[in-house]
Amino acid sequence: AVSHYRLFPKALGRLVSALGVRELHLALTQGFWRTQAWGQPPLQAPAGAELWVWFQPTVTDVDKAWKELSNILSGIFCASLNFIDSTNTVTPTASFKPLGLANGTDHHLLRYAVLPREVVCTENLTPWKKLLPCGSKAGLAVLLKAERLFHSSYHSQAVHIRPICRDASCLAVSWELRQTLTVVFDTFSSGQGKKDWSLFKMFSRTLTDACPLASQSKVYVDISPKNKEKELLEVTPPSASVHEAIVQGDKRTYAVYDLLSPSLFNTSRSLNVQLKWKRPQDSSELPIPILHAQRYVSGYGLQAGEISTLIYNTHPYRAFPVILLETVPWYLRLYVHTLTIITKGKENKPSYIHYQPAQDRRRPHLLEMLIQLPANSVTKITIQFERALLKWTEYPPDPNHGFYISSSVLSALVPSIVAMKDVDMEQSPLFTSLFPSSDGSSYFVRLYTEPLLVNLPTPDFSMPYNVICLTCTVVAVCYGSFYNLLTRTFHVEEPSRGGLAKRLANIIRKFRGVPPL
Amino acid sequence: MGLLSDPHCRRALSRLVLRLNTPLCLLSYLLGLGWFLALPLPPLAPRTYMSENAMGSTMVEETFGMGERALSYAREFAGHKKKAGGMPVAWLERTMWSLGLEVHRQPFTLTLPFPDETRERYMVKGTNVYGILRAPRASSTEALVLSVPCSPGTQNNQALGLMLALAAHFRGQIYWAKDIIFLVNEHDLLGMEAWLEAYHDINLTEVQSSGALGRAGAIQAAISLELSSDVVTSLDVGVEGLNGQLPNLDLLNLFHAFCQKNGLLCTIQGKLPRPEGDSLPAYAHSLQTLLLMVLAQASGRPRGDHGLFLRYRIEAITLRGINSFRQYKYDLTTLGKTLEGMFRKLNNLLERLHQSYFFYLLPSLSRFVSIGLYMPAFGFLILVLILKALDLWMKLSKGETGNAERLWDGDHGEPRPGLLALVPPLVVCHAAGLALYFLPVLGQHVATQHFPVSEAEAVVLTLIAIYVAGMALPHNAHRALSGGGSDRGWMVLKLVALLYLALQLGCLALLNFSLGFILAATMVPAAAAVTPNGPRVLLGVLLVLGTPAVTLLLTIFLQRELEEAPAGLGEGWQLFLGALGEGLLQHHLYGSILYPFLALGAHPCWLLLWNVLCWK
């Protein structure tokens, strides 16, 4: 339990202790990380809202705690997390491991949900900023002006809570709260094709001081030389120190600005980091990430379809396994017998497969697989589905917009090309916790694919009235004539001879109540 | 039902149907035609209106002003195209990349079932190039498409220039919520089919394509642009897609609204807007436009590259710049503004276009006839077949009861032909249909070996030969069975043929009203009148005039007449031969249903009627 709230926000602290949360990860994302164009993401999150929580083993009713937790978080972050229910919650068995201290990984204590339709905007940013010890009044957070942050190509904010060791001896446990914000600015549209940037240009603010509560407040600027050409870019003001680290299998160089060092604000009162490219870049092709993926719906028509996932391993000589997690809503009926995994023209058998079929209106499909990706290959995973017919009250507003299928999650230990030395934990705690590597030769990557939009057959919603009219008419007509037929007595008819006169006479006799001629 | 269960009423009704059959049929047929001719009149064709809320008004401030840049792109493209002798793939990729798009290419190959002589292609190899503008803060779930065909010669250079200029303009905007795909497709429809199949990862035809594709989710709408001059006098909009499928009317309304906003002159079927007022010329003008649309829709041929999108439930239209001798010209900036407005409105869409009509006929761009109003015209035509069938049914059943009475009397009348007698004509007619469907393409090599013709000619000539031979073959089939030669025999056969025809046309009209209506209008009179006892020659001529092939020939003449470019006999015949080959290709390349429907459905049915005529 959290004992004091000088730095730790009270709202979250009480939540953690009251509901028996051991680890909590919440990400709110607007946009999709373009791995091909932007490279490997530092911290990726699926489009929309993602929440995964490990509960303490002492929690007896995990589902109830989960429901309560999502409702409270919904209130704290002004997000529609209250739409998390059993139809979009799953319990993955292999994809998500506790990141903090843990004794035992009983996956029944884990809950995972994604809301792909969630729109993230300023009302989600403000509560997130309030969790910071200085709010947005001092320190780095003064840059976070909503109007600039949402004038961007990608915006992802996250909150991670986990238990960690208080010191090296690990006798006491502390709670760690990490808040991350990832924003991608589009320099192309704002800078007429130039890629130069500065803090002021991006955030329309500059840095003036550090948060007084902070023990560390630094700005890192990636100035890694590409293709051994050093003098490509220039950073002003010159940084006092340079940090070298190996991040995601790649050697990176960072210019570091320490806001706590008094020399930084000696010359000017504010810090406005600027980066200029010395010559226009012709085709600054980013190296293609070793692991990337694409997902799409194939086929046409409103009956059947197919979800295809392409996973690329561009490593020239090393194969590695990847865990794929697919969560598909129940109204797409997956046919598991159609699951095919093809690599280089041959079938690829997953070494682990966990499938939990959906139950209508109760829980989604969950498919987890461990697939080996051979070196330099594309693996295509396809599974066919059929679109269910919903009850007409079950359609959301704008039913013709389509229904979202959340991103699938790829988790892998990707072998790095550059040899990595074990980074000293003490020296750079930030990098080791942000980019953990299990041993020297590989690093962990979690990747999310595109969410999908699938159209279901939708009725014409003005139809119920017509249907009621039509069925009433049909029933009335049928009933009337059947009743007529059933109650009528039939007898052999005499061939009637005689013309108009006789008919007239018969009519008159009918009126008189006399049997006809 | 109550009415029918009452024996008096039933008798009265059946007497009415029997006695007044011919006048009723005639009346119904004329009513059908009359209704159709009345469709362009204002009460039946109300004004179009926008149904989709998200596109409700044209309140968009267009800021596109890169007309000059579009022209310079066009000139540059023309130069590179000439140099490359085809599509300048590398230049396109480079240009799109420098505009900040995500560029992909898609090479494809395809071998046609037989050489296409009008376009001179057989083994086709091409590359589609497309750039995706990724919408900021969107997750690539929805996309819009702007496509331009890369045509041979100097065609469509300006369209490509305008597309690149639009891409440059769009890239700088922050408001996009859907990705925009800028597609340059080679070999017009073939490239489009290859691209659509690859994008949706399916294989309907034999197109082979390779390469990894970038995707942008579900495509919501597409606009195909064709433009071959620096200035235009009007924009023509093509709506009919493959198999006569139509885009949602709202897309058309959107185009019309922006044309009006920017003061552009827009036409449909190449016809100017209908003159105002209820005068006779106005009516004639609308009727011409309507007839042209009906003919185009009936052909099942896509009018422009947009036509293949519709299969995937992507609303699409083709915009074609026309440069004629009119005085007022519009430059590319105005066109660009129109397109920008349309794309911004489509960008606002929350849902797929679904509010407005999918089935409609257009007597002009501002008026439409909805399905509820044009279907009765077809219904009256089909009623003729039903009435005639009812008449035959009652005659037959009356004969049966008569027979039964006579049997009780111990008098053996003529032997009653069973349904077995129907089997030979049915089998032979359908075999002829199958031969018509399969032989022309399968037998092309045999034909070219034995006759001095090219493959394409061989296919068309085989087609005609089998078609004509079909008329000579089957009408002796029933002789194989004894007792087939009675009156009852042909009546049963005619009954079956009439019901079969009614069923086919009814189903067809639901998919493609125009085709159904044209076939009904030509086949129904002959089908209703045919009898072996009447004036044989007259009926024969009527029947031959009603055959689908002759209908095709006649509609070609009619279309040229309506386009105010009448064709001579020779030219008409050439067009007819071309249309036959085209029809076959359309089926094999894009999956058009016209050819299989005619070969496997309508023609055998017509042969059954021919059988009735030749019954002995």
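In this predicted model, C478(A) sits in between the two extremes: its relative accessibility is 32%, so this cysteine counts as partly exposed. As for a bonding partner, the closest cysteine sulfur belongs to C472(A), and at 13 Å from the sulfur of C478(A) that is too far for a bond. Over in chain B, C25(B) is in no disulfide either, with 16 Å between its sulfur and the nearest cysteine sulfur, the one in C605(B). C25(B) is tucked away, though: with a relative accessible area of 7%, this residue is buried.

So which cysteines do pair up? Counting over all chains, the structure holds 1 disulfide, and the residues joined are C134(A) and C211(A), with an S to S distance of 1.7 Å. The link between C134(A) and C211(A) is right-handed, with 60 degrees about the S-S bond. This pair ties together distant parts of the chain, 77 residues apart. C134(A) lies in the loop between helix 4 (122–130) and helix 5 (146–149) of chain A, while C211(A) is found in the loop between helix 7 (199–203) and strand 8 (218–222) of chain A. Both ends of the link are out of the way: C134(A) has 16% relative accessibility and counts as buried because the cut-off is under 20%, and C211(A), at 9%, counts as buried too.

Next comes the meeting of the two chains. The size of an interface is often given as the accessible area lost when the parts come together. Here the area buried between chain A and chain B is about 3,200 Å², and carbon and sulfur atoms give 52% of it. On the chain A side, the residues that lose the most area to chain B are R34(A), Y300(A) and N400(A), which together make up 19% of what that side buries. In terms of contacts, 39 residues of chain A touch 40 residues of chain B.

Polar links cross this interface as well. There are 16 residue pairs in polar contact between chain A and chain B, both residues being at pLDDT 80 or more. The elements of chain A that give two or more residues to the side touching chain B are helix 6 (187–190), strand 13 (291–298), strand 14 (304–313) and helix 9 (463–487). Helix 9 of chain A gives the most, with 4 residues. Sorted by type, the chain A side of the interface has 14 nonpolar, 17 polar and 8 charged residues.

Salt bridges cross over too, and 2 are found between chain A and chain B. One of them runs from D186(A) to R171(B), where the closest N and O atoms are 2.7 Å apart.

Methods. Residues are numbered from 1 along each chain as its sequence is written. Chains are lettered from A and ligands numbered from 1 in the order in which they are written. This is a predicted model: local features need pLDDT of at least 70, side-chain atom pairs count only at pLDDT 80 or more; totals for chains, interfaces and linings use all residues. Side-chain values use heavy atoms; hydrogens and water are left out. Contact means heavy atoms within 4.5 Å. Buried area is the accessible area (1.4 Å probe) that two parts lose on being put together, summed over both. A salt bridge is a side-chain nitrogen of Lys or Arg within 4 Å of a carboxyl oxygen of Asp or Glu. A polar contact is a pair of N or O atoms within 3.5 Å; within protein, one must be able to donate a hydrogen and the other to accept it, and residues adjacent in sequence count only if both atoms are side-chain atoms. Ala, Val, Leu, Ile, Met, Phe, Trp, Tyr, Cys and Pro count as nonpolar, Asp, Glu, Lys and Arg as charged, and the others, Gly among them, as polar. A disulfide is a pair of cysteine sulfur atoms within 2.5 Å. Buried means under 20% relative accessible area, exposed over 50%, partly exposed in between (1.4 Å probe, protein chains only).
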